[in-house]
Amino acid sequence: MPVVLKKYSWSQEPDWVTIQVDFPENHLRHEDVFTSERLLKINKAPYYWEVLLDDPIAEEESRCAILENEVVFTLKKKNGPLQWERLEVDVDRCERLRLKEVFLKEHQLMLEEKAKQRAIEKDQKKRDEISKQIEREGSERKAIENLLEESKRKELERMENERKAKTIPKKDTPRPKVVEKPQPLRPVKKIEEIPGIRQSGTVAVSFTKRNFITPKRESMENDERDWIMKQAAAKKATGFVDDDLRPEERNPEWLKQKGDSFFQQSNYLGAISAYSAGVRLTKEYYPLFLNRSAAHFAMQNYQRCAEDCSTALNLLVPPVEANRKARVACLARRGAALVKLGFLRQGCDELIAASKLDPQCESLRREAEMVQRKLEECDTDSE
């Protein structure tokens with residue numbers, strides 16, 4: 001059964017009212033104290049205390065201090081420096097209960113209104129920040145365009161000056177006339193015969209074949225041989241060695257199929273080796289880069305995955321319906337790799353672009369929405 005506390009005192013000044021409530025065994029927390037314009041309440045089992053004020057207070061300017069054996073309310077009068085005739089309302093029990101419900105309802109409506117106002121202010125702040133960000137990005141883009149335009153203009157001027165310099169014939173500079181002074185007569189010496197010009201030739205130089213760039217005198221041959229054998233063993237462990245390929249197998253399409261076979265067997269190192277061998281034969285076959293990006297993603301090589309996706313996307317030109325699926329795969333995988341690398345905003349943009357290219361793909365749309373929610377949560381936490 002609650003123990004109702006009735007021992008308290010109050011005093012007032014022109015603008016303030018002070019209430020001191022004796023509270024034994026004071027272990028109160030702030031959530032145990034409730035204040036509103038017309039209702040004050042302390043509820044800490046088994047003790048209970050409440051006051052229905054006869055006049056309203058300015059709740060935001062009022063304060064409550066929890067001391068060792070008492071609670072002190074310092075209340076700001078809402079209606080200005082007026083003398084209060086009494087602290088509590090003078091009504092019967094039924095009217096008191098009704099007023100209490102009214103005060104609580106008014107307090108609840110006020111809290112809801114404040115929450116709405118805070119939400120409106122937060123949305124406005126977010127819109128303002130987005131507008132500022134757009135403005136900053138626009139300014140940066142404009143500055144970059146101006147720099148590029150200025151660089152282009154200077155380069156054109158330089159090329160034009162070079163062209164004019166080549167087309168204008170050079171005038172012969174008149175040589176200064178040399179006035180020969182009369183030389184004194186001397187005895188004539190016999191002119192010796194000038195030797196003929198030597199015949200040119202080529203000196204053949206041969207070098208010992210080396211697997212490393214260091215000269216033989218500076219290298220450690222045994223260590224180098226061990227290193228080469230170790231690398232060869234590592235290549236064989238993947239199931240793929242370039243040197244073992246037959247001439248008919250040195251074909252980009254065959255190497256792509258070989259890499260696909262390794263990928264299906266979860267041998268990602270072998271797949272990367274096969275695709276890379278095909279890339280060394282040709283750098284214009286986009287499936288080699290696209291499929292190698294999948295192997296890199298499986299190996300958690302997200303940086304190389306994004307680079308291969310970018311290379312494949314540059315080869316998928318012009319963008320037509322025939323290569324739409326491949327472009328979707330490039331964008332989606334590059335977006336996923338960027339998300340793994342921590343670039344949430346850039347990765348989200350890539351996934352959204354891929355989803356727009358293939359609106360029928362539900363899994364791609366869900367992944368884009370999931371990254372977008374994560375990005376919004378990060379923005380909210382940073383606020």
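## Accessibility and the predicted model

A residue is called buried when its relative accessible area is under 20%, exposed when that value is over 50%, and partly exposed in between. Because Glu 150 has a relative accessibility of 32%, it counts as partly exposed. This description concerns a predicted model, and the same terms are used below for other residues.

## Salt bridges within helix α1

Side chains of opposite charge can pair when their charged atoms come close. A search of the whole structure finds 21 salt bridges, and two of the pairs described here belong to helix α1.

In one of these pairs, the side chain of Glu 150 meets that of Arg 153 in a salt bridge, with a distance of 2.3 Å from N to O. Both residues lie in helix α1, where they are 3 residues apart, or about one turn of the helix. Arg 153 has a relative accessibility of 37%, so it counts as partly exposed, and Glu 150 is likewise partly exposed at 32%.

Another pair in helix α1 consists of Glu 155 and Arg 158, which are also 3 residues apart, about one turn of the helix. The closest N and O atoms of their salt bridge are 2.4 Å apart. Glu 155 is partly exposed, with a relative accessibility of 35%, and Arg 158 is partly exposed as well, at 38%. Elsewhere, Glu 321, Arg 324, Lys 325 and Asp 358 are joined into one network by salt bridges that share partners.

## A salt bridge between distant parts of the chain

Asp 54 and Arg 86 form a salt bridge in which the closest N and O atoms are 3.7 Å apart. This pair links distant parts of the chain, since Asp 54 is in the loop between β6 (47–52) and β7 (63–66), whereas Arg 86 is in the loop between β8 (70–76) and α1 (93–167), and the two are 32 residues apart. Asp 54 counts as partly exposed at 21% relative accessibility, and Arg 86 is partly exposed with a relative accessible area of 35%.

## The nonpolar cores

The largest nonpolar core has 27 residues, and those with the most contacts inside it are Cys 330, Ala 354 and Leu 364. The elements that give two or more residues to this core are the helices α4 (268–281), α5 (286–298), α6 (302–315), α7 (324–340), α8 (344–357) and α9 (362–382). Of these, α7 gives the most, with 6 residues.

When residues up to four places away in sequence are not counted, Leu 364 touches Val 328, Ala 332, Leu 351, Ala 354 and Ser 355. A second core, separate from the largest, has 19 residues and includes Val 21, Phe 23, Val 33 and Phe 73.

## Two residues in helices α8 and α4

Glu 350 lies in helix α8, and with a relative accessible area of 15% it is buried. Not counting residues up to four places away in sequence, Glu 350 touches Leu 331, Arg 334, Gly 335 and Leu 338.

Leu 281, by contrast, has its place in helix α4 and counts as partly exposed at 46% relative accessibility. Leaving aside neighbours within four places in sequence, Leu 281 is in contact with Arg 250, Asn 251, Pro 252 and Leu 255. One of these partners, Pro 252, is 29 residues from Leu 281 along the chain, and the C-alpha atoms of the two are separated by 6.7 Å.

Notes. Residues are numbered from 1 along each chain as its sequence is written. This is a predicted model: local features need pLDDT of at least 70, side-chain atom pairs count only at pLDDT 80 or more; totals for chains, interfaces and linings use all residues. Side-chain values use heavy atoms; hydrogens and water are left out. A salt bridge is a side-chain nitrogen of Lys or Arg within 4 Å of a carboxyl oxygen of Asp or Glu. Helices (H or I, at least four residues) and strands (E, at least two) are DSSP runs, numbered from the N terminus. Buried means under 20% relative accessible area, exposed over 50%, partly exposed in between (1.4 Å probe, protein chains only). A nonpolar core is a set of buried Ala, Val, Leu, Ile, Met, Phe, Trp, Tyr and Cys residues joined through side-chain atoms within 4.5 Å. Contact means heavy atoms within 4.5 Å.
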